[in-house]
Amino acid sequence: KTGLNYNGKIKIRNILDFLANRIRPAAISSRITKTLESLKAVCYYGCLNTRVPRMKSFDTVDYPMAMDRLVELTGAQSMDWSYKTECCGGSLFLTAEEVSGELVSKILKDAEARGANCIVTACPMCQSNLDTKQEQFRAQYGIDRPIPVIFITQLLGVAFGIDDLKLQFIQNFVPFNHA
């Protein structure tokens, strides 16, 4: 027992919904101490982030923009791209690596073609799938350069002036250089 009472009124929120609609852009902007104008990011929502069954979506399903607006608050450029809601095959990561690799390669190739120097996501499964085997998939599918895959909270943390060690960039497989 926790000693806490539960009355059935807890609302589960997506982190993007929480940041964009509960915290609000003005509150986020007021915390920014470091602008990230040299950063060219593509926002990757993945296939599940905006398609939550039985819940009203907080953003447009086909072309979400909540994360793009958050990225732009940091001074970074949020680049337009076609793969923002495509599936990365995260659920197939262990059982069907070939399928997952093909899906990840398309996402990485398009991000590279757009000139992005990072992919920003809010989904742990997407982040893991795009980051952990990126070196292998890049070699396998002829993708020239590594592209860091970071969480929106990490990006905001950089803009807030939080130390990289606290933001756990050391846990990412592809290093993120934001200097």
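1. A residue is called buried here when its relative accessible area is under 20%, exposed when that value is over 50%, and partly exposed in between. With that in hand, buried residues make up 44% of the 179 residues in the chain. Please keep in mind as you read on that this is a predicted model.

2. On the overall fold: the chain has seven helices and four strands. Their order along the sequence is α-α-β-α-β-α-β-α-α-β-α. The radius of gyration is 17 Å, close to the 16 Å that the globule rule gives for 179 residues, so the chain is as compact as a globular protein of that length. If you would like box dimensions, the C-alpha trace spans about 55 × 40 × 35 Å along its principal axes.

3. On contacts and surface: among contacts in the chain with a separation of 6 or more, 72% are between residues 24 or more positions apart. The chain exposes about 10,200 Å², and carbon and sulfur atoms supply 54% of that area.

4. On charges: the chain carries 21 positive and 18 negative charges, and the mean positions of the two sets are 11 Å apart. Side chains of opposite charge can pair when their charged atoms come close. In this structure there are four salt bridges, and the next points take up some of them.

5. The pair I would look at first joins aspartate 68 and lysine 84, whose side chains meet in a salt bridge at 3.0 Å, N to O. Aspartate 68 lies in helix 3 (residues 66–73), while lysine 84 sits in the loop between strand 2 (77–78) and helix 4 (97–113), so the pair ties together parts that are 16 residues apart in sequence. Are these two partners buried or exposed? Aspartate 68 is buried, with a relative accessible area of 3%, and lysine 84 counts as buried as well, at 2%.

6. Aspartate 17 forms a salt bridge with arginine 13, and their closest N and O atoms are 3.1 Å apart. Aspartate 17 has 11% relative accessibility; the cut-off for buried is under 20%, so this residue counts as buried. Arginine 13, at 31%, counts as partly exposed.

7. Another salt bridge links the side chains of aspartate 110 and arginine 114, at 3.3 Å from N to O. Aspartate 110 is buried at 14% relative accessibility, whereas arginine 114 is partly exposed at 33%.

Technical notes: Residues are numbered from 1 along each chain as its sequence is written. This is a predicted model: local features need pLDDT of at least 70, side-chain atom pairs count only at pLDDT 80 or more; totals for chains, interfaces and linings use all residues. Side-chain values use heavy atoms; hydrogens and water are left out. Buried means under 20% relative accessible area, exposed over 50%, partly exposed in between (1.4 Å probe, protein chains only). Helices (H or I, at least four residues) and strands (E, at least two) are DSSP runs, numbered from the N terminus. The radius of gyration is taken over C-alpha atoms; the globule rule is 2.2 Å times the number of residues to the power 0.38. Contact means heavy atoms within 4.5 Å. Accessible areas come from the Shrake-Rupley method with a 1.4 Å probe; for residues, only the protein chains shown count as cover. Lys and Arg count as positive and Asp and Glu as negative; His and the chain ends are not counted. The place of a charge is taken as NZ of Lys, CZ of Arg, CG of Asp or CD of Glu.
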